[in-house]
Amino acid sequence: MLHSTRRLATTTRRCMSTAAKTNPTRALLDATLPFVPQHGWSMESMVRGAKALGYPSVAHGVFEHGEASLVDAFLRKCRFDHVALIQQSREQETEQKKSIGEYVREYTALRLELMKPYAARWPEALAIMAHPSNVPMSVTHLAELVDDVLYHAGDRSPDFNWYVNRAGLAAVYTSTELFMTQDRSADYAETFRFLDRRLEQVAQVEAGKKELGTMLEFGAKSVVGLLGIRGIQL
């Protein structure tokens with residue numbers, strides 16, 4: 001048993017070493033993430049991650065901009081993993097095709113699942129992303145997340161609706177993610193209830209907009225018809 005454990009440890013170190021040579025940033029990220037729940041999105045986590053790879057502590061310099069680069073690398077990994085989960089879900093789907101709204105809920109929840117191990121320390125990452133020099137990076141990641149969810153959900157809204165739908169989902173996701181950082185319920189159950197409420201609110205607003213549009217269209221046609229009866233041409 002002891003020999004097996006030693007062989008496994010040796011094999012693991014070799015695999016990590018190979019990964020570090022082919023993609024040092026990803027290797028260091030993978031080695032650092034296990035330390036984040038305890039040490040946060042910090043230099044301490046990166047130093048420990050470097051040591052786990054068998055490198056000197058200065059190897060954390062792979063993250064050029066320190067903690068910001070760590071968060072950036074994590075969000076890139078999240079996007080890759082998220083899209084893979086979405087595609088896997090679609091491949092395994094056996095039921096009748098869902099509505100866009102149902103897919104949006106499912107795919108947003110999948111992204112939140114990826115955040116669970118780091119939710120308690122995520123306020124630190126939010127503070128890092130809120131720094132003026134990091135805002136463009138933060139906005140880009142949010143835009144990509146929202147676009148991935150809506151695209152794979154089947155949203156092909158034309159014109160201005162494309163922006164409206166993405167702005168609405170961005171507001172839902174950011175508020176839910178923030179709620180998650182304070183959630184102490186089992187397996188973040190309250191977070192997913194919060195997500196459902198926020199999506200329902202957005203759906204109600206969308207329904208109201210459609211109803212208003214229909215009313216305005218009907219009103220406009222009625223006015224045109226009335227003017228026609230009176231012999232007034234437009």
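How many salt bridges does a search of the whole structure find? The search finds 15. Before I discuss individual pairs, please bear in mind that this is a predicted model.

I shall start with the charged contacts. Side chains of opposite charge can pair when their charged atoms come close. One such pair is R79 with D148, whose closest N and O atoms are 2.7 Å apart. R79 belongs to helix 5 and D148 to helix 8, which spans residues 135–153, so this salt bridge ties together parts that are 69 residues apart in sequence. The two partners sit in unlike surroundings. R79 has a relative accessible area of 32% and is therefore partly exposed, whereas D148, at 7%, counts as buried because the limit for that class is under 20%. This pair also belongs to a network of salt bridges that links R79, E144 and D148.

Helix 8 takes part in another salt bridge. The side chains of R166 and D147 meet with 2.9 Å from N to O. Here too the pair links distant parts of the chain, with R166 in helix 9 and D147 in helix 8, 19 residues apart. In this case the arginine is the buried partner: R166 has a relative accessible area of 8%. D147 is partly exposed, at 28%.

A further salt bridge joins the side chains of K98 and E106, at 2.7 Å from N to O. K98 is partly exposed, with a relative accessible area of 26%, and E106 is buried, with 17%.

I turn now to the aromatic residues. The structure holds eight aromatic pairs. In one of them, W41 and F74 are tilted, with 4.9 Å from centre to centre and 55° between the planes. W41 lies in the loop between helix 3 and helix 4, while F74 lies in helix 5, so the pair ties together parts that are 33 residues apart in sequence. Both W41 and F74 are buried. W41 forms a tilted pair with Y118 as well, at 5.9 Å centre to centre and 55° between the planes. Y118 is found in the loop between helix 6 and helix 7, and this pair spans 77 residues. Y118 is buried, as is W41. Which residues form one aromatic cluster with W41? They are F74, Y118 and W122.

Two arginines are placed over aromatic rings. R90 lies over the face of Y103, 4.3 Å from the ring centre. R156 lies over the face of Y151, at 4.1 Å from the ring centre.

Let me now consider helix 4, residues 43–52. Its buried residues are S45, M46, V47, G49 and A50. What covers them includes helix 2, helix 3 and helix 5. Helix 5 is the element that carries R79 and F74. After helix 4 comes G54, which has a positive phi, near 85°.

Finally, the surface. F160, W162 and Y163 form a nonpolar patch there, with about 390 Å² of accessible area together. Is F160 buried or exposed? Its relative accessibility is 62%, and F160 therefore counts as exposed, the threshold being over 50%. F160 lies in helix 9, residues 159–182, and helix 9 also holds R166, the partner of D147.

Methods: Residues numbered from 1 in each chain as written. Predicted model: local features only at pLDDT ≥ 70, side-chain atom pairs only at ≥ 80, totals over all residues. Heavy atoms only, no water. Buried < 20%, exposed > 50% of the residue type's maximum accessible area, 1.4 Å probe, protein only. Helix = DSSP H or I, 4+ residues; strand = E, 2+ residues; numbered from the N terminus. Contact = heavy atoms within 4.5 Å. Patch = residues over 30% accessible without salt bridge, like charges linked within 9 Å, V, L, I, M, F, W, Y side chains within 5 Å. Areas by Shrake-Rupley, 256 points an atom, 1.4 Å probe, with all protein chains shown as cover. Salt bridge = Lys/Arg side-chain N within 4 Å of Asp/Glu carboxyl O. Phe/Tyr/Trp six-rings, centres within 6.5 Å; stacked < 30°, edge-to-face > 60°. Lys NZ or Arg CZ within 6 Å of the ring centre and 35° of its normal.
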